[in-house]
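Open the model in your viewer and keep the sequence panel beside it. The stops below say what to select next and what is to be found there.

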Amino acid sequence: MAEFTVGRRSALKRLAAVVGAIGALFGLGHLGSRPAAAIETDDRFVADDVRVERNDGELRAVTVRPELDVVWADFGDGIDTIDATVSAALDGEAGFDVLFDGPVAADGVAVDGDSPDGTDGSVTLSFDPIDLTAAGSNVTTADFGGDLPPGESRTTGVELSLRVDVVGAQDETVTTVETAAFDVTVHNPEGEATATGRANTDAE
């Protein structure tokens, strides 16, 4: 398992940047022997739509569990830290909540792969489940469903943003940003009831 020390945070890390780029595979860097890094998630950062049925029409939680590969190349003395920022926002609404912000060596992220001392390498990051409705005030359980009448559904769009800063031992910093959108549908099913029995008929 790769381990990363908690080094100084790069000045390039700004929360506003988490919504600054959209792409299937997006890497910032220079050609040639300059440091480079990229996020790889089967060539895409994707999120599946989810649906839940609740008889009260209210949703309890919406969780995400990001998994991604980070690949780096041409870092002279290897990697010092990998910092990640994960945030969530409602589709079409201003504001976002930060779900994770810190070095991937922190609790809540499993790191597996190459040694950070290598000039080139890759690691897989596996985050623990995060309830995006419990992170702040911009995405809450009240935004999903909420006291739906029987038989009705409500679909809410969510945008998940991911920023990764790869900081080299020689103070090089390369940043990658990904976004993914998914829908959460809450359905309050109609109540149903049936009756069975026996007439116990007779005649004399």
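How many aromatic pairs does the structure hold? The structure holds 1 aromatic pair, where rings of Phe, Tyr and Trp (its six-membered ring) pair if their centres lie within 6.5 Å, and planes under 30 degrees apart count as stacked, over 60 as edge-to-face and the rest as tilted. Select Phe-100 and Phe-127: their rings form an edge-to-face pair, 5.3 Å centre to centre with 90 degrees between the planes. Phe-100 lies in strand β6 (residues 97-103) and Phe-127 in strand β8 (residues 121-127), so the pair ties together parts that are 27 residues apart in sequence. Both Phe-100 and Phe-127 are buried, buried meaning under 20% relative accessible area, exposed over 50%, and partly exposed in between (1.4 Å probe, protein chains only).

Before going further, a word on the basis of the tour. This is a predicted model, in which local features need pLDDT of at least 70 and side-chain atom pairs count only at pLDDT 80 or more, whereas totals for chains, interfaces and linings use all residues. Residues are numbered from 1 along each chain as its sequence is written, and side-chain values use heavy atoms, with hydrogens and water left out.

Now colour by pLDDT, the predictor's confidence in each residue, from 0 to 100. The mean pLDDT of the protein is 77, and 73% of its residues reach 70 or more. Select residues 6-32, over which pLDDT stays under 50 and for which the model has 63 contacts beyond four places in sequence, a contact meaning heavy atoms within 4.5 Å.

Switch to a cartoon of the whole chain. The secondary structure comes to 0 helices and 11 strands, both being DSSP runs numbered from the N terminus (helices H or I, at least four residues; strands E, at least two). Of the 204 residues of the protein, 39% count as buried. Among the contacts with a separation of 6 or more, 76% are accounted for by residues 24 or more positions apart.

Next, select strand β10 (residues 153-168), which is mostly covered, with 12 of its 16 residues buried. Add strand β5 (residues 79-90), which pairs with β10 in the antiparallel sense over 11 bridges; two strands pair if DSSP finds at least two bridges between them. Within this pairing, Ala-88 has Leu-160 in β10 as its bridge partner. Then add strand β11 (residues 173-187), which pairs with β10 in the antiparallel sense over 15 bridges, and find Val-158 opposite Phe-182 in β11. β10 and β11 form a hairpin with 4 residues between them, and Asp-171 in the turn has a positive phi of about 70 degrees.

Finally, show the charged side chains. The count comes to 3 salt bridges, each a side-chain nitrogen of Lys or Arg within 4 Å of a carboxyl oxygen of Asp or Glu. Stay first with Asp-165 and Arg-163, which form a salt bridge whose closest N and O atoms are 3.2 Å apart; Asp-165 counts as buried at 0% relative accessibility, and Arg-163 is buried with a relative accessible area of 4%. Move to Arg-51, which forms a salt bridge with Glu-53 at 3.6 Å between the closest N and O atoms, and which is exposed, with a relative accessible area of 53%. End at Arg-65 and Glu-67, whose side chains meet in a salt bridge (2.7 Å, N to O), with Glu-67 partly exposed at 44% relative accessibility.
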